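Visitor: Could you walk me through this one, beginning with how the chains meet?

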Amino acid sequence: MKTMKYLLTLSIFIALLLAGCAEVPVQEATDAGEASDQPTGTITLYTSESEDNVNKMVADFNEQVPGVQVDIFRSGTGEVIAKLQAEMEAGEVQADVIWFADIDFFANLAAQEMLMSYQPAGSDIVPDEYHYNNNQYQEVRLIFNVVAYNTNLVSEPPTSWKDLTNPEYAGKVGMPSALYSGAAFNQVGTFVNNPEFGWDFYDQLNDNGIVVEQGNGAVAEKLATGEFALVQVVDFMARSKKNEGSPVDHIWPVEGALLVPTPIGILNNTDNPEAAQAFIDYMYTDSAQSLFVEQGYIGVVPGGPIPEGAPDLDSLKALTVDTEYISANRDEIRSTFEEKFGAPQ
Amino acid sequence: MAEATRRPPFLTRSRFTNSGRKLIYLIGGLIFALLAALILYPSLNLVLNSFLADGRLSLANYADFLTDTSTYVVLYNSLFVSLLGTLGATALGLFIAWLIARTDVPFKSFWRAIVIVPYLIPPFIGAIAWSYLLGPVGYINKLYMALSGNSDPLFVIYGKWGIILVMILYSYPIAYMISLGPLEKMNPTLEEAGRMSGAGILRVMRDISIPLVGPSIWGGALLIFMSLMANFGIPAVLGFPARFFVLTTKIYLTILNFDKANNLQVAAALSMTLVVVAVIAMQIQRKVQQGRSYAILSGKESQPQLVQLGKLKYAALGFLTIVFIVTVLAPLLAILLTSLTRATGVPLTWENLSLRHYEDLIFNVPKVRRALINSTLLAVLSATTIVFISMVISYLLIRIKIRGGQMIETLILLPYAIPGTIVALAMILAFLKPLPIINYSLYNTFWILYVAYLTRFLTFGVRSINAAFEQLHVSLEEAARISGADVVTTFKDIVVPLVRTNVFAGWFLAFMPAFTELTLSILLFSVNNETLGVVVFGLHQEGKVNLTAALALLIIIIVLILNIVTRRVTRGRLGF
């Protein structure tokens, strides 16, 4: 009966494992008055946001709206879009709310009438330029592509995007892949149509042995470890690495940092619009805006707090994304980038 | 189904009563329908899709990848790393097996337990661990740079050589396990003759011992080659940073590139190259196993005299120690240290050690908990289903000897023989659109993972239980039948108890790889249906180095404990 004993042991082990990690979904008994006007149920969020940041965001949201469970699919913008497209082909999109760094793709969805027009509560004081397409999608905080460096390896801080081509750091420069990261895709799409840069700039990066990581997270991490000396990365990650104590700092390039739109929107076919809207409303609350700042982001609500180490936006130059060029040349940008940086060697 | 319009196609003996025959016919039919739905249909659909462009039959997908020079580069890359990896793994596994089976190297039982451990570590986790050791700023490279004052790393693991190295380290146990048995049973007089004629130890090993276990070595090498060609995790972890791609990673990227027209269909066409390689390898393996017998091996249970190593004993001991350090100790230590480091980039000091990543893992990353539950459920459910189906299939194959058995066996082996990336693609293509009649899409559900695991690991169950039926004499069942028991009673009271050990073996063999599965899951998972492999890989890709390490260590510990418990409880009959 050894085998029976084995089966028993294993079942107990598995039962313990499950019991240990299964979170019993205890519905907090809230007073009836509060519970009645608050949405409940589940929504699914597809996002390219940093996993740990968005998890904290959801936890904070649940403090205010405890009845709504937010399930998260997180990957790079490229893979999030791939998943959405696969689901569109299958005939059923699972996401209720989407939030990633490809405004051109949002425009495509809007053109297919897949997005819900909704003006979130408290967002009326946010400048119009951050509400897109008749409130079908909007900005909840700002991110910029900047140049960041490892303070142990770089003694004199860089000043320009072109410092990434400095042969002194050959092989120790990095950037995220335009095929995976939406922020990187926007950067490439904007720079190649800018006479100051063009594809030439990317050839020079290639000559300087630039390492293309998948996402910004990996770039920031490898900058912190010292695998990279100098990188293109999103600003909040550089800031949060610095605040964690890693040897990282960032600069605002003289040519300007690129403001990367990262809109959030609700899909029309959501089966829980109330919960989805509550989630987006939450984004504009003081609590959410402060949390963004804590995570290193620059907020979108005027007069809100400012993250430690963030520059004064009014005095600095920001580049805007060349949406017109990107929209017209989407495939070509991707395939040229893949040819230069993604092609097997 | 057309009922009994023809003679039951797979009944050849009339050992059964009419009702018994009908029952077997029914169960056999159901099983075959299941195999047809889960394996045959997705396979044929995959082939069909490879010829579909914009919904029409065409060769465009083949033209697309055949005219793309990068296809040949990745094909060459795949063959290059797999061949060198196979060579290295086979040589290493064989040498270790020879040391343990045929020489008087000390502490044998310790080494027996240890050299198997790399087999239990999921290869992609091994690859991640090695990136902590030999990445550009890995522990070994940092140590080297600090000691030598050199600012360039010693060796960077990214790229083909690193992939080959890690492939060798995590697949040599297959060669070891396969050659250990034959080496132990080998007729020792041949070696003794060699020694007496004045040949050195290495010469005896090279010219006598190894050729004698030739067929096993060939079989093992082919198995390793197929698994390396199919491997996704190692080239994904170590190849992406160096822009080095192999067929599996290229197919993966093609599947995800929805901007490309007909991307799934092009990926299907591209997959055919790997299917062809896998089928050729399967055929060679069959030939090798049929053509050469083990006639040179002595069947008697002689206690073979061991090769006396003499002073070389210490060299052998040192060698095994190095293997242990390189394959197990160093990677585990690297994972442990990384998981305990407070933040990336900070120097390794006592103050910088913290448990915060474990805290994060348990409390702040909900998908970790979900993945633990999902992977456990998936592994338990699929392994259990597999042994139930396997019992029936094996009974039909070995006892009833149904017609077309060979075909069914091939069909069952198929999802394991072809790379997981392709199985996943076939599943997407087959189950993306809602199923007819019930109008339910398996895609994006837990069940597509279950179905994929079920087909992929079914062969473990069937092979394991086949072996039991082959060893058991049919007379026991006949005795029951003569005493008046019907088919069901015979099966329940005689067959099941007799094959129980192998049932558990099959369950364990399916459970272990399912628990840490990555290749299928990464393409088939969805929200709430994440698996452990998916979460580790995702955290790694996202650059959450410390968190990845913490979870990787947790998985390794669970796997090792499961294995130890299994060994203890079954007194070494199961487990590695």
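Guide: Before the interface itself, a word on the term: two residues are in contact if their C-beta atoms, placed from the backbone, lie within 7 Å. Please keep in mind throughout that this is a predicted model.

Visitor: OK, so how many residues does the contact take from chain A and from chain B?

Guide: Chain A gives 52 residues to the contact and chain B gives 50.

Visitor: Which helix of chain B has the largest share on its side?

Guide: That is α17(B), which brings 6 residues to the side of chain B that touches chain A. Several helices of chain B supply at least two residues each, among them α3 (69-102), α17 (366-400) and α26 (545-569).

Visitor: And how do the residues on that side divide into nonpolar, polar and charged?

Guide: On the side of chain B that touches chain A, 25 residues are nonpolar, 16 are polar and 9 are charged.

Visitor: Switching to chain A, what does its secondary structure come to?

Guide: Chain A has 12 helices and 14 strands, and 49% of its 345 residues count as buried.

Visitor: What is the strand order in the open sheet of 6 strands?

Guide: The order in chain A is β2-β1-β3-β12-β5-β4, with mixed pairing. Because β2 (68-74) and β4 (131-132) of chain A stand at the edges with a single partner strand each, one side of each is left without a neighbour in the sheet.

Visitor: In what sense do β5 and β12 of chain A pair?

Guide: Strand β5 (residues 137-138) and strand β12 (residues 264-266) of chain A pair in the antiparallel sense over 2 bridges, and Gln138(A) has Ile264(A) as its bridge partner in β12(A).

Visitor: Which strands does helix α3 of chain A lie across?

Guide: Helix α3 (residues 51-64) of chain A lies across β1 (41-47) and β2 of chain A, and runs at about 170° to β2(A).

Terms used. Residues are numbered from 1 along each chain as its sequence is written. Chains are lettered from A and ligands numbered from 1 in the order in which they are written. This is a predicted model: local features need pLDDT of at least 70, side-chain atom pairs count only at pLDDT 80 or more; totals for chains, interfaces and linings use all residues. Helices (H or I, at least four residues) and strands (E, at least two) are DSSP runs, numbered from the N terminus. A residue is buried if 20 or more other C-beta atoms lie within 10 Å of its own, exposed if 12 or fewer, and partly exposed in between; C-beta atoms are placed from the backbone. Two strands pair if DSSP finds at least two bridges between them. Axes are lines fitted to C-alpha atoms, for helices over the stretch in contact, and angles run from 0 to 180 degrees between N-to-C directions. Ala, Val, Leu, Ile, Met, Phe, Trp, Tyr, Cys and Pro count as nonpolar, Asp, Glu, Lys and Arg as charged, and the others, Gly among them, as polar.
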